[in-house]
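Biologist: Please take one strand of this protein and describe closely how it sits in the fold. I would like a single connected account.

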Amino acid sequence: MSASNDRDRKFKVVLCGNSGVGKTTIFQRIESGKVSEFSAPTVGSSYLNRTVMYQNRPINMSIWDTAGQDQFRTILPVYFRGSDYVIIVFDITSIDTYNAIENWAKLIKDTAPPYVKFSILGNKSDLDHKRTVDVDQVQQLVSLIGAQNYYEVSAKNGDGIDDFINYLAQCLGEASQTNSNPPTVQIGASTTDATKKSECGC
Ligand SMILES: Nc1nc2c(ncn2[C@@H]2O[C@H](COP(=O)(O)OP(=O)(O)OP(=O)(O)O)[C@@H](O)[C@H]2O)c(=O)[nH]1
Ligand SMILES: [Mg+2]
């Protein structure tokens, strides 16, 4: 792939996870830095474009929000199609959403492209006092299911979101230097700097 094609490449990133874990709130936080007080369950999907610089190279991403309710589960493979990275979100205060991660990983492995990478994102870190899932527990699951990493964020107050987006850009940037995932089209909008972190575990 030529350098100019590589710069124009767009990576498809998909958020998935049980209903209520906060996917749409994370999406809003990434999109505008603000979140709504109340959020209705998602029906359908939406996406945003984001470009993050990694090693002086733009990493263009389209980030997709999906519906977590059971009745939409059969549609998910449509969104996984052509994806480069999937983020499995769970709620650190809800063991049920943690227990569902293996099923999400299976769905990704069964229906997403073979080169896809995925990681686990624990949301609602502002509710640490109500935590029902330990970090160690999730780290073990990361190894078990072959996820890239585990991050915790709070979509509500924004903690960890920028770090996670920068990690994602690093992961995609490094992967694109070492393999030949098929390119997709268009270039994104806003730009942040991902050059701070060096080890992504990809
Ligand atoms: N305390 C806290 N609440 C949050 C956080 N993120 C989301 N919420 C709340 O969790 C509820 C569900 O959030 P959504 O973003 O709609 O969840 P979702 O995963 O998009 O749900 P579906 O669209 O049904 O799949 C809402 O009341 C949010 O305000 C967070 O980081 N902390
Ligand atoms: Mg939603």
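Modeller: Two residues are in contact if their C-beta atoms, placed from the backbone, lie within 7 Å. On that basis, among contacts in the protein between residues at least 6 apart in sequence, 78% join residues at least 24 apart. The model is a predicted one, and its secondary structure comes to 7 helices and 7 strands. Along the sequence these elements follow the pattern α-β-α-β-β-α-β-α-α-β-α-β-α-β.

The part I take is strand 4, residues 85-91. A residue is counted as buried if 20 or more other C-beta atoms lie within 10 Å of its own. Of the 202 residues of the protein, 40% count as buried. In strand 4, 7 of the 7 residues are buried, so the strand is largely enclosed by the rest of the structure.

Its pairing partners are as follows. Strand 1, residues 10-16, runs parallel to strand 4 and is joined to it by 4 bridges. One bridge puts Val13 opposite Tyr85 of strand 4. Strand 5, residues 117-123, also pairs with strand 4 in the parallel sense, over 7 bridges. Here Phe90 has Gly122 of strand 5 as its bridge partner.

Next, the side chains. In a regular strand the side chains alternate between the two faces of the sheet. In strand 4, Tyr85, Ile87, Val89 and Asp91 point one way, while Val86, Ile88 and Phe90 point the other way. Residues of both sets are buried.

The strand also contributes to the largest nonpolar core, which has 47 residues. The members that touch the most other members are Val13, Leu15, Tyr85, Val86, Ile87 and Ile88. Of these, Val13 is the bridge partner of Tyr85 already mentioned. For Val86, leaving aside residues up to four places away in sequence, the residues touched are Val14, Cys16, Phe80, Ile108, Ala112, Val116 and Phe118.

Two further places give context. Asn166 lies in helix 7, residues 161-178, and counts as buried because it has 21 C-beta neighbours inside 10 Å. The C-alpha atoms of Asn166 and Tyr54 are separated by 8.1 Å, although these residues are 112 apart along the chain.

The other is ligand 1, which is surrounded by 20 residues, the closest being Gly22, Ser39, Pro41, Thr42 and Gly68. This shell divides into 5 nonpolar, 11 polar and 4 charged residues. Helix 2, residues 23-32, gives the most to the shell, with 3 residues.

Conventions. Residues numbered from 1 in each chain as written. Chains lettered and ligands numbered in written order. Predicted model: local features only at pLDDT ≥ 70, side-chain atom pairs only at ≥ 80, totals over all residues. Near = placed C-beta within 6 Å. Helix = DSSP H or I, 4+ residues; strand = E, 2+ residues; numbered from the N terminus. Nonpolar A, V, L, I, M, F, W, Y, C, P; charged D, E, K, R; others polar. Core = buried A, V, L, I, M, F, W, Y, C linked by C-beta atoms within 7 Å. Buried ≥ 20, exposed ≤ 12 C-beta atoms within 10 Å, placed from the backbone. Pairing = 2+ DSSP bridges.
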